[in-house]
Each structure stands twice: as structure tokens, then as C-alpha cells.
Amino acid sequence: MLVGEDSVLRKLPSALDKRQLRMLVAIRYSIEMYDVAYQSVLELLNQIETGDKLQSKSKTLYPLVFTHAWSMVDSANRLQVLLEHMPDTKRGPRFKANFRKLTAFKSLRNPIQHLNKEILNRSKDVDVEPIWG
């Protein structure tokens, strides 16, 4: 669990500025959503590796992995956006290093999330990356 029961994100002081409080709650949910999706991907990949339940889920297992992996990308991107707009935050070296790690998710997410802008370019050239998948 990325956000433990004793995490400061679960015990936010009510005296915090309301804007910061709302952002920190959103940040916690983004982290938790990422974590839930990650744990689901691990479980599904374990099923694939061991052959568990493959007969009953053979048609949905891989799309399920992709769905949860996409949720991880989307949650990480959302976390990056929230951190970018967090009010009154010191952005020291540690913050900047972790923030840079999150920006990589934008390049994964945005071309697919904004597919309507990308589809014409991708469908014209056979050497360009796939439209989806």
C-alpha cells in the first residue's frame, strides 16, 4: 500500500488552507488509484504466468491488464497535474526529481487520450506507431 494507514495524507490538519486540503486529498486519491491498478496488474500477470483461470478469462484477461495499466498511466498523469498546481509548495530538488519521473506519463497518455487529434496522422502512415494497442 503506497499510502499507509498512518500516512500524513490520511491525517491532514483541518487548519490547512482549504485549497491545499482539497489538493492533498486529490493527490492521495490519485496515489491510491495508481496503487489499486498496479496491484490488479500484478495479480493478473501472475494469473497469466501461472495459467490460473485462463480458460474462464481467456477473452478478457489481456484487456483487463491493459485497462488497469491504463489506469496507472492516467493516475500518474493526474498526480503530476495536481502537483504542478499545488498552491504554496516548496519545489526543492527532491520534488523536482520525482516530478520529472511523472512527466513521462504525459507522453504515454496524451496521444491516446486525445486520439481525435492523432488519428489522422497515425492512419496515414503505416510506419507510425499503432492507433491503439
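How are α1 and α3 oriented to each other, roughly parallel or roughly antiparallel? In this predicted model, helix α1 covers residues 18–50 and helix α3 covers residues 61–84, and the two pack at an angle of about 155°. Angles over 145 degrees count as roughly antiparallel, so α1 and α3 are roughly antiparallel to each other. Their axes lie 8 Å apart, and the crossing of α1 past α3 is left-handed. As for what sits in this contact, the tally comes to 22 nonpolar residues, six polar ones and one charged.

Moving along the chain, α3 also packs against α4, here at an angle of about 125° and again with the axes 8 Å apart. This pair is therefore oblique, and the crossing is left-handed. On the α3 side, the residues involved are Trp70, Val73, Asp74, Ala76, Asn77, Leu79, Gln80, Leu83 and Glu84. Facing them from α4 are Phe95, Phe99, Leu102, Thr103, Phe105, Lys106, Leu108, Arg109, Ile112 and Gln113. Sorted by class, the α3 contact with α4 has 11 nonpolar, four polar and four charged residues.

One of the α4 residues in that list, Arg109, is worth a closer look. Arg109 belongs to helix α4, which spans residues 93–113. Is this arginine buried or exposed? Its relative accessibility is 14%, and buried means under 20%, so Arg109 counts as buried. The side chain of Arg109 has a partner, too: a polar contact of 2.7 Å links it to the side chain of Asp74. Asp74 is itself one of the α3 residues that meet α4. Setting aside neighbours within four places in sequence, the contacts of Arg109 are Trp70, Val73, Asp74, Asn77 and His114. Of these, Trp70, Val73, Asp74 and Asn77 also appear on the α3 side of the contact with α4.

Then there is the other partner of α4, helix α5, made up of residues 115–124. The axes of α4 and α5 come within 6 Å and cross at roughly 85°. Angles of 65 to 115 degrees count as roughly perpendicular, so that is how α4 and α5 stand to each other. Here α4 contributes Pro111, Ile112 and Gln113, while α5 brings in Leu115, Glu118 and Arg122. By class, these are three nonpolar, one polar and two charged residues. Ile112 and Gln113 turn up in the contact of α4 with α3 as well.

Technical notes:
Residues are numbered from 1 along each chain as its sequence is written. This is a predicted model: local features need pLDDT of at least 70, side-chain atom pairs count only at pLDDT 80 or more; totals for chains, interfaces and linings use all residues. Side-chain values use heavy atoms; hydrogens and water are left out. Axes are lines fitted to C-alpha atoms, for helices over the stretch in contact, and angles run from 0 to 180 degrees between N-to-C directions. Helices (H or I, at least four residues) and strands (E, at least two) are DSSP runs, numbered from the N terminus. Angles under 35 degrees count as roughly parallel, over 145 as roughly antiparallel, 65 to 115 as roughly perpendicular and the rest as oblique. A crossing is left-handed if the near helix is turned anticlockwise from the far one by less than a right angle, and right-handed if clockwise. Ala, Val, Leu, Ile, Met, Phe, Trp, Tyr, Cys and Pro count as nonpolar, Asp, Glu, Lys and Arg as charged, and the others, Gly among them, as polar. Buried means under 20% relative accessible area, exposed over 50%, partly exposed in between (1.4 Å probe, protein chains only). A polar contact is a pair of N or O atoms within 3.5 Å; within protein, one must be able to donate a hydrogen and the other to accept it, and residues adjacent in sequence count only if both atoms are side-chain atoms. Contact means heavy atoms within 4.5 Å.
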